[in-house]
Number of protein chains: 2
Amino acid sequence: MTGPLRIPLGQSVLAKNDAAAARTRGRLAELGLPCVNLMGSPGCGKTALLEATLDALAGELRVGVVTGDLATARDADRLRDRAAVVTQINTGGGCHLDAAQVAGGLAGFPLEDLDLVVVENVGNLICPATFDLGEARKVVVFSTPEGQDKPAKHPSALLAADLVLLNKVDLLPYLPFDVAAFRADVALVRADLDVLEVAATRKDDDPLLGPWLTWLRGLVTR
Amino acid sequence: MTGPLRIPLGQSVLAKNDAAAARTRGRLAELGLPCVNLMGSPGCGKTALLEATLDALAGELRVGVVTGDLATARDADRLRDRAAVVTQINTGGGCHLDAAQVAGGLAGFPLEDLDLVVVENVGNLICPATFDLGEARKVVVFSTPEGQDKPAKHPSALLAADLVLLNKVDLLPYLPFDVAAFRADVALVRADLDVLEVAATRKDDDPLLGPWLTWLRGLVTR
């Protein structure tokens, strides 16, 4: 369902990125340190999910976070008190994080002291899927207000993914959104992908993080 | 607040695009036919806004729609019975529409018989802002579930915009979203930009399309 990118990235750009990603992957493998690349649209709730996840894992796992945005340090500011270490990368006009940027972010981290690294990519459901960052797993976050028809309209993200999260299921009573139709749409592209439902900002009821936390814990080797 | 794109697009790519856009702009100007480029995140409600807009303008304006997505013909299917003419462009993995694609779409339209053309760009708050399509106006659509902090995190879209729409204001009772804070965030990037609030899918109450329809009518010269 995918075709060539309309932007001619050039083999040299991707080859250079892949080389940097391979160096990062090698270094993290040596350390036994898993890295998750979190991708999704602007406003799907990546930062809120990280806030809730870090709160739930407090005292259990030491997590380093690299967070990307075109501009502002807002996401890092929200995560600073929750993560073991955080760095914000501003891409300027750039539509994704690249491997060199992530390597630069990780260079300032005490990697030996961490259990898990999460990269929160730039809010964009398309371009980040093309750029290997040296991560162990790619997770794509959708949210219910975006509509149940988005998976098959964005096959490139799903083709690269290891897991799908459907966030903001607490808004389902107010939205014309059919979870079964969403799951069927994911399966049109990748029938093998697990979809976990979460409600990251729900404070007065269960935010449904259990299966997601179990999945993350399964990556940790230390 | 913006910087250079991390993807080295190359002057040749943008120059070729700009040349195609200039040809489209010249042709539309000859015909006195306004063209609006609608940009925003996946799921911000661009297609729903077009559905409601076309319903409101039925019998008044003849509108042609070029709609872009990576894959599927879903948006064109939703708009087919409402617009005078619709064409769907699938970009494959491509993260934006380019001027040649739009020119190709318009080539099949009876332009002399239309009052307005709307291009619904690929769902992406970043890359489409860089590509001139030959349009008269760029409109950026945000939606309340995305969060009030998105404008200053996406300055490139706002720097290119002529108007901002804030969609899904009917969901405000269920969201931690402060409209005044959102407007202040837009003003951080572009204090001169108008922000119109809409609720495109609201059927039992006012969808608040009035000012938006007035803005569109103001572009029409026939």
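In the predicted model, B:Thr24 lies in helix H1 of chain B, which covers residues 11-31. The relative accessibility of B:Thr24 is 7%, and the residue therefore counts as buried, the cut-off for this class being under 20%. Apart from neighbours within four places in sequence, B:Thr24 is in contact with B:Ala103, B:Leu106, B:Leu133 and B:Gly134.

A second threonine of chain B, B:Thr67, belongs to strand S2, which is made up of residues 63-69. B:Thr67 has a relative accessible area of 0% and is buried. When residues up to four places away in sequence are not counted, B:Thr67 touches B:Asp75, B:Ala76, B:Val86, B:Thr87, B:Gln88, B:Ile89 and B:Glu120. For one of these residues, B:Ile89, the separation from B:Thr67 is 22 residues along the chain, and the C-alpha atoms of the two are 6.1 Å apart.

Chain A as a whole was described next. It contains 8 helices and 7 strands. Its radius of gyration is 17 Å, close to the 17 Å expected from the globule rule for 222 residues, so chain A is as compact as a globular protein of that length. The C-alpha trace of chain A extends over about 45 × 45 × 35 Å along its principal axes. Buried residues make up 61% of the 222 residues of chain A. Among contacts in chain A with a separation of 6 or more, 74% join residues that are 24 or more positions apart. The exposed area of chain A is about 8300 Å², and 52% of this area comes from carbon and sulfur atoms.

Helix H2 of chain A gives an example of burial within the chain. Of the 11 residues of H2(A), 9 are buried, so the helix is largely enclosed by the rest of the structure. The buried residues are A:Lys46, A:Thr47, A:Ala48, A:Leu49, A:Leu50, A:Glu51, A:Ala52, A:Thr53 and A:Leu54. A:Asp55 also lies in helix H2, which spans residues 46-56, but A:Asp55 is partly exposed, with a relative accessible area of 45%.

Charged side chains were then considered. Chain A carries 22 positive and 28 negative side chains, and 4 Å separates the centres of the two sets. Over all chains, the structure holds 38 salt bridges.

One of the salt bridges joins A:Glu112 to A:Arg27, with 3.3 Å between the closest N and O atoms. A:Glu112 is located in the loop between helix H4 (99-107) and strand S4 (116-120) of chain A, whereas A:Arg27 is in helix H1 (residues 11-31) of chain A, so the pair ties together parts that are 85 residues apart in sequence. A:Arg27 has a relative accessible area of 37% and is partly exposed.

Another salt bridge is formed by A:Asp55 and A:Arg82, whose closest N and O atoms are 3.0 Å apart. This pair links distant parts of the chain, 27 residues apart: A:Asp55 is in helix H2, and A:Arg82 is in the loop between helix H3 (74-79) and strand S3 (85-90) of chain A. The relative accessible area of A:Arg82 is 34%, and this residue is partly exposed.

A third pair consists of A:Asp149 and A:Lys150, whose side chains meet in a salt bridge with an N to O distance of 2.6 Å. Both residues of this pair, A:Asp149 and A:Lys150, are buried. A:Asp149 is placed in the loop between strand S5 (137-143) and helix H5 (150-153) of chain A, and its relative accessibility is 15%. Beyond its neighbours within four places in sequence, A:Asp149 is in contact with A:Asp185 and, in chain B, with B:Arg74 and B:Arg78.

Contacts between the two chains also involve A:Arg74, which is part of helix H3 of chain A. A:Arg74 counts as partly exposed, at 23% relative accessibility. With neighbours within four places in sequence left aside, A:Arg74 is in contact with A:Gln88 of its own chain and with B:Asp149, B:Ala152, B:Lys153, B:Asp185 and B:Leu188 of chain B. The C-alpha atoms of A:Arg74 and A:Thr47 are 9.7 Å apart, and the two residues are 27 residues apart in sequence. Salt bridges also link residues of both chains in a network, formed by A:Asp69, A:Asp75, B:Asp149, B:Lys150 and B:Lys153.

Conventions:
Residues are numbered from 1 along each chain as its sequence is written. Chains are lettered from A and ligands numbered from 1 in the order in which they are written. This is a predicted model: local features need pLDDT of at least 70, side-chain atom pairs count only at pLDDT 80 or more; totals for chains, interfaces and linings use all residues. Side-chain values use heavy atoms; hydrogens and water are left out. Helices (H or I, at least four residues) and strands (E, at least two) are DSSP runs, numbered from the N terminus. Buried means under 20% relative accessible area, exposed over 50%, partly exposed in between (1.4 Å probe, protein chains only). Contact means heavy atoms within 4.5 Å. The radius of gyration is taken over C-alpha atoms; the globule rule is 2.2 Å times the number of residues to the power 0.38. Accessible areas come from the Shrake-Rupley method with a 1.4 Å probe; for residues, only the protein chains shown count as cover. Lys and Arg count as positive and Asp and Glu as negative; His and the chain ends are not counted. The place of a charge is taken as NZ of Lys, CZ of Arg, CG of Asp or CD of Glu. A salt bridge is a side-chain nitrogen of Lys or Arg within 4 Å of a carboxyl oxygen of Asp or Glu.
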